[in-house]
Amino acid sequence: MSPSAAVVLASEPGSFPHSVLAERHPAIIAQVREAFPYGPEQHRALDALLENCTKGVIEPLPGGAWAEWGIGTYAGQSWFDVPWLWSESYFYRRLLDAVGYFAPGPWQGIDPFRPSKLTELDSPETDQELAALDELASRPAEERGAALLHGSLWGNRADLGFRLSDGEAEGRDAVPDLVADDSERLWALLDGTGTLCLIADNAGRELVPDLLLLAHLLEHRRIERAVLHVKPYPYYVSDATTADVVDALRRLVRAPGEAGRYGRLLWDAMTDGRLVVRAHPFSCAPLPYADMPDDLRTEIGRASLTVLKGDLNYRRLVGDRWWPPTTSFAEATDRFPGPVAALRTLKSDVVTGLDARTEAALVAAEGQRWRTGGTRALIQVRP
Ligand SMILES: O=P(O)(O)OC[C@H]1O[C@](O)(CO)[C@@H](O)[C@@H]1O
């Protein structure tokens, strides 16, 4: 489908995208300053970034992939006037530059978000979620599968960036009825053959249930192999990197009971190649998946199903546009190679694939709040 809906920008004061650039990004800079005893050089760079991202224009980045990802088109424009998807991604790239993540030196490769990710992984809530697996163990496999699928879906509420700008989000009750539910179609695609690609989102309390779901699918031979796509560098505060996968796996294998058993199963699957971790550069690209490079397109095209987790991946999947919510999900994803599923809690305005009655009921109940509040969720599938 050729995209006709307008691209989401952050230029309108009072809009959700505007608040992310004007308020969330400065809050993230403040959090990162506190995370490590950075030296004067990094603090100066963070001061400059704060000034630039709120009042300045997009600045060039030296070489590399950003030349292909549009830096030439957007340099010199206000952060608020370029596609929101683009300016958000660019922010994380600039933040990592400011703390010396890429430059040779002592801070190279140090994840500025690691302390908050580890706090979450070590939290009592994670303990409770892992302990709940023991009760599930006696249930039939189908029921366990459904519970683990929903665990992975609702794990997407555990998003540290979202909580920074919406501190009440976690306390707000989730609405268990999904706004779209293609889970039967999803299970039909998990027929035991082929590779499942799971494009992960957040680390910690989202990645753990994602891994548990993969363990279940491998154990029950609903898939032959899984490829877990993570980010090549820290991104959107809590997005999962390879280091976060290792932390989550170590957490699982050390856990008692079922959680530990799942952990060992996953560890073995990684060792024998049934579970592979990929960190493709495009996973941190400021672009929709329709623009993915040929190598990734070929790889994903070979999967029997690709599952995309979370809100940002959804925006990249359908295109970050003001679609009428009743736009067909199948048409909005028609440039994605192969069968695709989205598991997402709604944390931004973009949505497709709703039926008109559902949309009307949501608007009647909440105005437009359901789009961004993080209490609603969907499972959508295009076979
Ligand atoms: O972790 P997720 O589910 O991709 O959510 C990312 C969040 O950040 C945003 O991109 C806004 O910054 C929203 O899409 C969403 O609220």
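## Exercises on a two-domain model

The C-alpha centres of domain 1 and domain 2 lie 26 Å apart. The model is a predicted one.

**Exercise 1.** Find where each domain runs and how many residues each gives to the contact.

*Solution.*
- Start with the bounds. Domain 1 covers 16-112, and domain 2 covers 118-382.
- Then turn to the contact. Domain 1 supplies 20 residues and domain 2 supplies 25 residues.

**Exercise 2.** Decide whether the radius of gyration of the protein agrees or disagrees with that of a compact globule.

*Solution.*
- Take the chain length: 383 residues.
- A compact globule with 383 residues would have a radius of gyration near 21 Å.
- The protein has 20 Å, so the value agrees.
- Add the extents. The C-alpha trace spans about 55 × 50 × 40 Å along the principal axes.

**Exercise 3.** Describe the make-up of the fold: its secondary structure, its buried share and its contacts.

*Solution.*
- Count the elements. There are 16 helices and 7 strands.
- Look at burial. Of the 383 residues, 55% count as buried.
- Now take the contacts with a separation of 6 or more. Residues 24 or more positions apart account for 77% of them.

**Exercise 4.** Characterise the surface and the charges of the protein.

*Solution.*
- The accessible surface is about 15,600 Å². Carbon and sulfur atoms hold 53% of that surface.
- The protein has 40 positive and 54 negative charges. Their mean positions are 2 Å apart.

**Exercise 5.** Place Leu228 in its strand, state whether Leu228 is buried or exposed, and list contacts of this residue.

*Solution.*
- Leu228 sits in strand β3, residues 225-229.
- Its relative accessible area is 1%. The cut-off for buried is under 20%. Leu228 is therefore buried.
- Set aside neighbours within four places in sequence. Leu228 then touches residues including Leu198, Ala200, Leu207, Val245 and Val277.
- Arg278 is also among the contacts of Leu228. The two residues are 50 apart along the chain, yet their C-alpha atoms are separated by 6.0 Å.

**Exercise 6.** Work out what the phi angles of Tyr236 and Val237 are, and where these residues lie.

*Solution.*
- Begin with Tyr236. Its phi is positive, about 40°, although Tyr236 is not a glycine.
- Val237 is another non-glycine residue with a positive phi, near 65°.
- Locate them. Tyr236 lies in the loop between β3 and α11 (242-254). Val237 has its place in the loop between β3 and α11.
- Finish with burial. Tyr236 is buried, with a relative accessible area of 9%. Val237 counts as buried at 1%.

Methods:
Residues are numbered from 1 along each chain as its sequence is written. This is a predicted model: local features need pLDDT of at least 70, side-chain atom pairs count only at pLDDT 80 or more; totals for chains, interfaces and linings use all residues. Side-chain values use heavy atoms; hydrogens and water are left out. Helices (H or I, at least four residues) and strands (E, at least two) are DSSP runs, numbered from the N terminus. The radius of gyration is taken over C-alpha atoms; the globule rule is 2.2 Å times the number of residues to the power 0.38. Buried means under 20% relative accessible area, exposed over 50%, partly exposed in between (1.4 Å probe, protein chains only). Contact means heavy atoms within 4.5 Å. Accessible areas come from the Shrake-Rupley method with a 1.4 Å probe; for residues, only the protein chains shown count as cover. Lys and Arg count as positive and Asp and Glu as negative; His and the chain ends are not counted. The place of a charge is taken as NZ of Lys, CZ of Arg, CG of Asp or CD of Glu. Domain bounds come from an automatic or database domain assignment.
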